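The following paragraphs lead the reader through a single structure by way of its charged side chains, its metal site, one helix and its backbone angles. Please keep the sequence and the coordinates at hand while reading.

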Amino acid sequence: MTKELAIRDLRVSIDGQEIVRGLSLTVPRGEVHAIMGPNGSGKSTLAKVIAGHPDYKVESGEVLMDGENVLELQPDERARRGIFLAFQYPSEIPGVTIANFLRAAVAARLPEGEELEATDYYAQLYEKMDLLAMDRSFTSRSVNEGFSGGEKKRNEILQLAMLAPKYAVLDETDSGLDIDALKVVAHGVNSLRGPDLGILLITHYQRLLNYIVPDGVHVMVQGRIVRSGGKELALELDERGYDWTKGDLAEPVLV
Ligand code: ADP
Ligand code: MG
């Protein structure tokens, strides 16, 4: 069994419009791969389709997790098997505290009949919160309600740390962060890196990749990967913008 998240020739549409247009990409477990691209190129659509968002129609292609096609599975089933998505725009859940939300999420992943001991849970929660420089008072606040942009993103990474998935898709986790918050989030992600986790890091800016150095960089334009390379590709994009990659767009020629 190959331990990788493999996206094969994926086509996705919404309202009859094709957004992801024949995209292929592989993230081996243990590696961090970045997707960069201009706004509107379909990055968030790709992230949501991997997680199982019901609004999008998969026209063709596969998303394979360790060899198994996950596109047939419900979102909660995908999550249980080890897929995690950190949202670009995290939802607020008034009335549900972070402590209860995460406890329910962690408990839902335990095998049938196993229970989560409160003391174990809180020990784990506080350890991860310390890692992300989150104040303990957060645990009694409602999920994302009244949070700053940086606090919401930190909370997404706290979920990642607590759920310990096999593959994590982080959608513009850097957006809305000032440099200090960015460093904290990057430190959190870096400390979670390891052989058991594959990360797909979606970002519009190169800045995050100064702190989370990726194993591979992929440029997404108009629904497909137009270029792949090492971490130096991100620097090139930062200097030259995205326009030069558009020459790589292989549009089918109609004859
Ligand atoms: P990115 O994350 O790269 O900025 P998105 O995936 O958010 O790109 O959007 C790609 C395109 O798909 C845009 O033209 C956007 O308007 C469209 N799109 C995405 N989600 C929806 C939706 N739920 N309804 C209608 N159009 C959508
Ligand atoms: Mg987006």
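Which side chain of opposite charge is nearest to Glu156, and how many Å away is it? In this predicted model, that side chain is Lys153, at 7.4 Å. Glu156 is thus a buried residue without a salt bridge, a salt bridge here requiring a side-chain nitrogen of Lys or Arg within 4 Å of a carboxyl oxygen of Asp or Glu. The residue belongs to helix H5. Leaving aside residues up to four places away in sequence, the contacts of Glu156 are Phe84, Leu85, Ala86, Phe87, Pro90 and Asn144.

Helix H5 also supplies a charged residue that does have a partner. Lys152 forms a salt bridge with Glu92, with an N to O distance of 3.5 Å. Glu92 is situated in the loop between strand E6 (83–86) and strand E7 (93–97), whereas Lys152 is in helix H5 (residues 149–163), so this salt bridge ties together parts that lie 60 residues apart in sequence. The two partners can also be described by their accessibility. Lys152 has a relative accessible area of 17% and is therefore buried, while Glu92, at 41%, is partly exposed.

The search of the whole structure yields twelve salt bridges, and several residues of that kind come together elsewhere in the chain. Glu68, Asp76, Glu77, Arg80 and Arg81 are joined in a network of salt bridges. Within this network, Glu68 and Arg81 meet at 2.3 Å, N to O. Their salt bridge connects distant parts of the chain, since Glu68 is in strand E5 (residues 68–69) and Arg81 is in helix H2 (residues 75–81), 13 residues apart. Arg81 also pairs with Glu77, where the closest N and O atoms are 3.1 Å apart. This second pair lies within helix H2, the residues being four places apart, or about one turn of the helix. Relative accessibility is 32% for Glu68, which therefore counts as partly exposed. Arg81 is also partly exposed, with a value of 28%, and Glu77 is partly exposed at 26%.

The metal site comes next. The magnesium ion (ligand 2) has Ser44 (OG) and Gln88 (OE1) as its protein donors, at 2.1 to 2.3 Å. These donors bring together distant parts of the chain: Ser44 is in helix H1 (residues 43–51), and Gln88 is in the loop between E6 and E7, 44 residues apart. Ser44 has a relative accessibility of 18%, so this residue counts as buried. Gln88 has a relative accessible area of 13% and is therefore buried.

Helix H4 (residues 118–131) allows a simple check of geometry. Its 14 residues should span 20 Å at 1.5 Å a residue, and the end C-alpha atoms are 20 Å apart, so the expected span and the model agree. The buried residues of H4 are Tyr121, Leu125, Lys128 and Met129. Viewed down the axis of H4, the buried residues fall within an arc of 100°, which means that they line one face of the helix. Among the elements that cover these residues are helix H3 (98–108) and H5.

The backbone angles complete the account. Most residues other than glycine have a negative phi. Just after H4, however, Ala133 adopts a positive phi of about 50°. Asp66, another residue other than glycine, has a positive phi near 50°. Asp66 is placed in the loop between strand E4 (57–65) and E5. With a relative accessible area of 10%, Asp66 is buried. Ala164 likewise is not a glycine, and its phi is positive, at about 45°. The loop that holds Ala164 runs between H5 and strand E9 (167–171). Ala164 has a relative accessibility of 59% and therefore counts as exposed.

Conventions. Residues are numbered from 1 along each chain as its sequence is written. Chains are lettered from A and ligands numbered from 1 in the order in which they are written. This is a predicted model: local features need pLDDT of at least 70, side-chain atom pairs count only at pLDDT 80 or more; totals for chains, interfaces and linings use all residues. Side-chain values use heavy atoms; hydrogens and water are left out. Helices (H or I, at least four residues) and strands (E, at least two) are DSSP runs, numbered from the N terminus. Buried means under 20% relative accessible area, exposed over 50%, partly exposed in between (1.4 Å probe, protein chains only). Donors are N, O and S atoms within 2.8 Å of the metal (3.2 Å for Na, K and Ca); water is not among the atoms, so sites may look incomplete. Lys and Arg count as positive and Asp and Glu as negative; His and the chain ends are not counted. Contact means heavy atoms within 4.5 Å. The expected span of a helix is 1.5 Å times one less than its number of residues. The arc is that of the directions from the helix axis to the C-beta atoms.
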